[in-house]
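Work through the following exercises with the sequence and the structure side by side, and try each task before you read its solution.

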Amino acid sequence: MPRRPVTLFTGQWADLPLEELAPLAKEMGYDGLELACWGDHFDVRRALSEDGYVESRREILERNGLECHAIGNHLVGQAVCDPIDARHEATLPAHVWGDGEAEGVRRRAAEEMKDTARAARKLGVGVVTGFTGSSVWHKLYFFPPTSQEEVEAGYEDFARRWNPILDVFDEEGVRFAFEVHPTEIAYDLYSAERALEAIGRREAFGFNFDPSHLYWQFVDPVRFIDRFADRIYHVHMKDAVRTLDGQSGILSSHLPFGDHRRGWDFRSLGHGGVDFEEIIRALNRIGYGGPLSVEWEDSGMDRVHGARESAAFVRRLDFEPSGVAFDAAFGEE
């Protein structure tokens with residue numbers, strides 16, 4: 001298996017123009033960028049309507065010796081199934097938000113996700129990472145009593161809204177790599193299985209594996225890889241820490257990221273509790289050869305320091321599987 005490219009997801013760097021971020025990423029040790037569809041990094045509408053726009057993105061990457069294997073449109077994907085409120089206005093493009101009427105927002109978000117597949121194809125990448133949103137996440141704790149019929153209606157809503165989007169992904173030969181994540185239609189192993197079943201396990205839909213969201217929920221990320229070996233379409237490398245101390249709770253007490261009183265938080269790679277060696281072994285076991293994309297989040301560390309350290313961490317850890325049994329040399333000649 002050839003060495004997997006080490007890339008940087010640009011979502012947390014969208015305050016920097018791509019012209020500035022690209023040389024910095026190269027200097028920090030990255031092979032490529034997973035371009036976020038916000039900031040000025042990759043604009044879906046411009047990619048489809050403006051001559052030369054896609055070529056300009058490629059030129060910036062190539063000039064800095066960088067590749068692109070995936071684009072990410074998490075913010076728009078979130079709005080496809082969500083109950084829409086004022087928070088979404090801050091994360092959505094103005095043309096998707098429109099007048100803010102909830103069903104209109106969801107429909108425009110769905111159309112934008114279809115266009116994201118078309119734009120990815122035009123850029124020459126085969127994977128879009130992102131979120132789905134969920135009409136039932138807020139019913140996570142079953143009180144007032146929530147029936148399984150209500151939960152099932154949420155999965156049916158997801159299938160009804162996402163199947164037409166995935167039809168376009170199929171037409172374009174692009175796959176959607178959904179990031180299993182709290183607030184989404186799937187947030188752990190069992191809910192991921194339920195989401196797959198809801199859409200008939202169609203191949204256009206797989207996972208952007210991110211161990212951090214599983215780890216803080218006490219779900220073993222390696223079990224997820226083994227369970228969905230044929231659905232790991234992309235990988236985020238992100239760490240997390242559990243800081244339960246008898247006072248903090250795993251639901252984080254409405255405390256912001258970075259507050260030391262939280263029961264868990266994200267950490268720069270190698271500074272949390274995720275066992276990345278076992279993850280690499282599991283990815284080798286399933287034959288995953290795609291990028292290892294650093295999604296850098298750590299409220300307590302300078303991001304350039306952390307991203308540079310993270311690139312080196314991934315490169316050092318990404319070992320190839322053995323081509324021979326270690327005890328083969330014990331045999332007779």
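## Exercise 1: A partner in a salt bridge

At 44% relative accessibility, D170 counts as partly exposed, and you should keep in mind throughout that the model is a predicted one. Task: find out which residue forms a salt bridge with D170, and decide whether R202 is buried or exposed.

Solution. Begin with the charged atoms: D170 forms a salt bridge with R202, and the closest N and O atoms of the two are 2.7 Å apart. Next, locate both ends in the chain, where R202 sits in the loop between helix 9 (189-198) and strand 6 (205-209), while D170 belongs to helix 8 (residues 148-172), so that the pair links distant parts of the chain, 32 residues apart. Finally, compare the accessibility of R202 with the cut-off for buried residues, which is under 20%; R202 has 17% and therefore counts as buried.

## Exercise 2: Two further salt bridges

Task: for the salt bridge between E295 and K238, state where the two residues lie and whether each is buried or exposed.

Solution. The side chains of E295 and K238 meet at 3.4 Å, N to O. E295 lies in the loop between strand 10 (292-294) and helix 13, and K238 in the loop between strand 7 (232-237) and strand 8 (239-242), so this pair ties together parts that are 57 residues apart in sequence. E295 has a relative accessible area of 6% and is buried, and K238, with 2%, is buried as well. Salt bridges can also share partners, and in this way E103, R106, R107, D157, R160 and R161 are joined into one network.

Task: why does the salt bridge between R303 and D15 tie together parts of the chain that are apart in sequence?

Solution. The side chains of R303 and D15 meet in a salt bridge of 2.9 Å, N to O. R303 lies in helix 13 (residues 303-317), whereas D15 lies in the loop between strand 1 (6-9) and helix 1 (18-28), so the pair joins parts that are 288 residues apart in sequence. As for their surroundings, R303 is partly exposed at 22% relative accessible area, while D15 is exposed at 54%. A search of the whole structure finds 33 salt bridges, among them the one between R303 and D15.

## Exercise 3: The barrel

Task: how many strands form the closed barrel, and which residue of strand 4 stands opposite I71?

Solution. The closed barrel has 8 strands, which run in the order 1-2-3-4-5-6-7-10 with parallel pairing. Looking at one pair within this order, strand 3 (residues 71-72) and strand 4 (residues 127-130) run parallel and are joined by 2 bridges, and I71 stands opposite V128. Helix 4 (residues 74-81) lies across several strands, including strand 3 and strand 4, and runs at about 65 degrees to strand 4.

## Exercise 4: The largest pocket

Task: which residues lie nearest the centre of the largest pocket, and which elements give two or more residues to its lining?

Solution. The largest pocket holds about 1500 Å³ of space. Its lining is made up of 43 residues, and those nearest the centre are W137, H181, P182, T183 and F257. The elements that contribute two or more residues to this lining are helix 4, helix 5 (86-89) and strand 9 (264-267).

Note on methods
Residues numbered from 1 in each chain as written. Predicted model: local features only at pLDDT ≥ 70, side-chain atom pairs only at ≥ 80, totals over all residues. Heavy atoms only, no water. Salt bridge = Lys/Arg side-chain N within 4 Å of Asp/Glu carboxyl O. Helix = DSSP H or I, 4+ residues; strand = E, 2+ residues; numbered from the N terminus. Buried < 20%, exposed > 50% of the residue type's maximum accessible area, 1.4 Å probe, protein only. Pairing = 2+ DSSP bridges. Contact = heavy atoms within 4.5 Å. Axes fitted to C-alpha atoms, helices over the stretch in contact; angles between N-to-C directions. 1 Å grid on protein atoms, 1.4 Å probe; cavity = no way out; pocket = protein on both sides within 12 Å on 5 of 7 lines; lining within 4 Å. Points joined across faces, edges and corners; volume = space filled by probe spheres on them.
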